[in-house]
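Thanks for coming, everyone. I'll walk you through one structure today, and I'll keep it short. Have a look at the sequence and the model first.

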Amino acid sequence: MRYRKLGNTGLIVSEVGFGTIPILQGSVPVLPEYFNLNEKQAVSVMESAFRLGCNLYDTAVVPEYGDAEIKLGKFALGIGREKIVISDKARFFDGNEMYTAVLESCENLGTVPDIYFVHQADPDHEEEIFQKGGALDALCELKEEGRIRFTGLASHYYDILLRGAKDARVDVLQGSGNLLERGMLERIAGEPLFRAKGFLVNKVFAAGILPAFFPVEVLIKAVLSYPVSCTLVGIGSVEQAEAAFMQDTLSADVLLPDFEQVLTVLEKKFRPIPCDRCQRCLCPRGTEIHTVFRQYNYYFLGKDYWALRKLDMGIGESAELCRRCTDMPCLSMCPAKIRIPDEMERILRLVRDHTIVRHSF
Ligand code: SF4
Ligand code: SF4
């Protein structure tokens, strides 16, 4: 295992971190794969990762990640609290709610988390998070009180992460990216403001989709080829821990496919929309283009029911907006030159076809 600096925090973290979703028990919607580990099994899996060099463990407040936070606290106590870095988070945007959530996390963990993130910061809640008395102010207060060591902001949106990178209250950022959805990582690599912050990357396997197409070591090394601190991988078994944390020893010269080569691999299954989710296209009519394209690609990559359900909710309106859009500003923003309105029509046809088939049963 190799280690990297976590921005300016002074912490040194393993290049691969342990994502705790797969060790939770309970009915929690975040689960892509469900292992249902009891406490003893969960602690044993975390120990196996530790023995392979992992020192960063990422979790979230109960019940967002089920009981994972409690299990992580037990593991930390057993292994020696000072030997690991605990990254925790909660999806609260109001300052008071965030403050209470952190106190609950401390109780669940039985210790102080090293980093605490505002989780899933999105455009609908951005102002609330950043405003006076919002979640970021609460984290700063908690840091001053010694209840957390560093503040964090986690988001799937580049513009929100960039705002976090400019904000002195934020110590660590957490964003998403992978071999396919690499556009945001490329923008982060090109923006020096990010260098001062620690940066954790999640969704390295794209919700469990990509390991069916590419070796785990390629997926991990692809993310680590960007200037980030640590890539988070969800681990639910000793075998998964070995695959993720021993990637270092497997091959030093793994060849990383470029974006075109990734598309070529996926084209054996379907015609993907060649969107790397750089998020440069901003639709003034409110369509979140990169999210719609992700759901389309994920539909063919194994998340059919989930993706169709999401697309079903808004694609009719998005396609109609495109039909009525005369200036189409998104077209000039897309470096991949994707015919965005045409793709919206293609997605609408897919959803209609499958909705009709579904309803005919
Ligand atoms: S063409 Fe469609 S996606 Fe593009 S700006 Fe117009 S409404 Fe938005
Ligand atoms: S559609 Fe184009 S601009 Fe928009 S996220 Fe995808 S690649 Fe980037």
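The lining of the largest cavity divides into twelve nonpolar residues, two polar and one charged. Keep in mind that this is a predicted model. The volume of this cavity is about 130 Å³. Its lining has 15 residues. Nearest the centre are Cys283, Arg285, Cys322, Cys325 and Cys330. Which elements give two or more residues to this lining? They are α13, residues 304-324, and α15, residues 340-359.

How many cavities of 30 Å³ or more are there? The count comes to two. So much for the largest; now the second largest cavity. About 40 Å³ of space lies inside the second largest cavity. Its lining consists of Leu180, Glu181, Cys275, Arg277, His290, Phe293, Arg294, Asn297 and Tyr298. By class, that lining divides into four nonpolar, two polar and three charged residues.

Hold on to His290, please. His290 lines the second largest cavity, and it comes up again in a pocket. The pocket I mean is the second largest one, with a volume of about 260 Å³. Lining this pocket are 14 residues. Closest to the pocket centre are Pro123, Tyr157, Leu282, Glu288 and His290. Two or more lining residues come from each of α6 and α12, the latter spanning 289-300. The lining of this pocket divides into seven nonpolar residues, four polar and three charged.

Where does this second largest pocket lie? Between domain 1 and domain 2, because both give residues to its lining. Now the domains themselves. The assignment gives domain 1 as residues 3-250 and domain 2 as residues 269-359. Their C-alpha centres are 29 Å apart. The contact between them takes 17 residues from domain 1 and 14 from domain 2.

Next, the barrel. Eight strands form a closed barrel, with parallel pairing. The order is β3-β4-β5-β6-β7-β8-β9-β10. On average, neighbouring strands of this sheet are turned by 25 degrees against each other, direction ignored.

Let me zoom in on one pair. Strand β5, residues 85-90, runs parallel to strand β6, residues 115-118, and four bridges join the two. What is the bridge partner of serine 87 in β6? It is isoleucine 115. Helix α3, residues 95-109, packs on the sheet and touches both β5 and β6. The direction of α3 makes about 140 degrees with that of β6.

Now over to helix α6, which you met at the pocket. Helix α6 covers residues 158-166. It lies across three strands: β7 at 150-154, β8 at 172-176 and β9 at 198-202. Relative to β8, helix α6 runs at about 165 degrees.

Two backbone details before I stop. Is the peptide bond from valine 62 to proline 63 cis or trans? It is cis, with omega near 5 degrees. Proline 63 sits in the loop between β4, residues 56-58, and α2, residues 68-79.

The other detail is at glutamine 120. Glutamine 120 is not a glycine, yet it has a positive phi of about 50 degrees. Where is glutamine 120 found? In the loop between β6 and α4, residues 126-130. So both details belong to loops: proline 63 to the one between β4 and α2, glutamine 120 to the one between β6 and α4.

That's my tour. Over to you.

Notes
Residues numbered from 1 in each chain as written. Chains lettered and ligands numbered in written order. Predicted model: local features only at pLDDT ≥ 70, side-chain atom pairs only at ≥ 80, totals over all residues. Heavy atoms only, no water. Pairing = 2+ DSSP bridges. Axes fitted to C-alpha atoms, helices over the stretch in contact; angles between N-to-C directions. Contact = heavy atoms within 4.5 Å. 1 Å grid on protein atoms, 1.4 Å probe; cavity = no way out; pocket = protein on both sides within 12 Å on 5 of 7 lines; lining within 4 Å. Points joined across faces, edges and corners; volume = space filled by probe spheres on them. Nonpolar A, V, L, I, M, F, W, Y, C, P; charged D, E, K, R; others polar. Domains from an automatic or database assignment.
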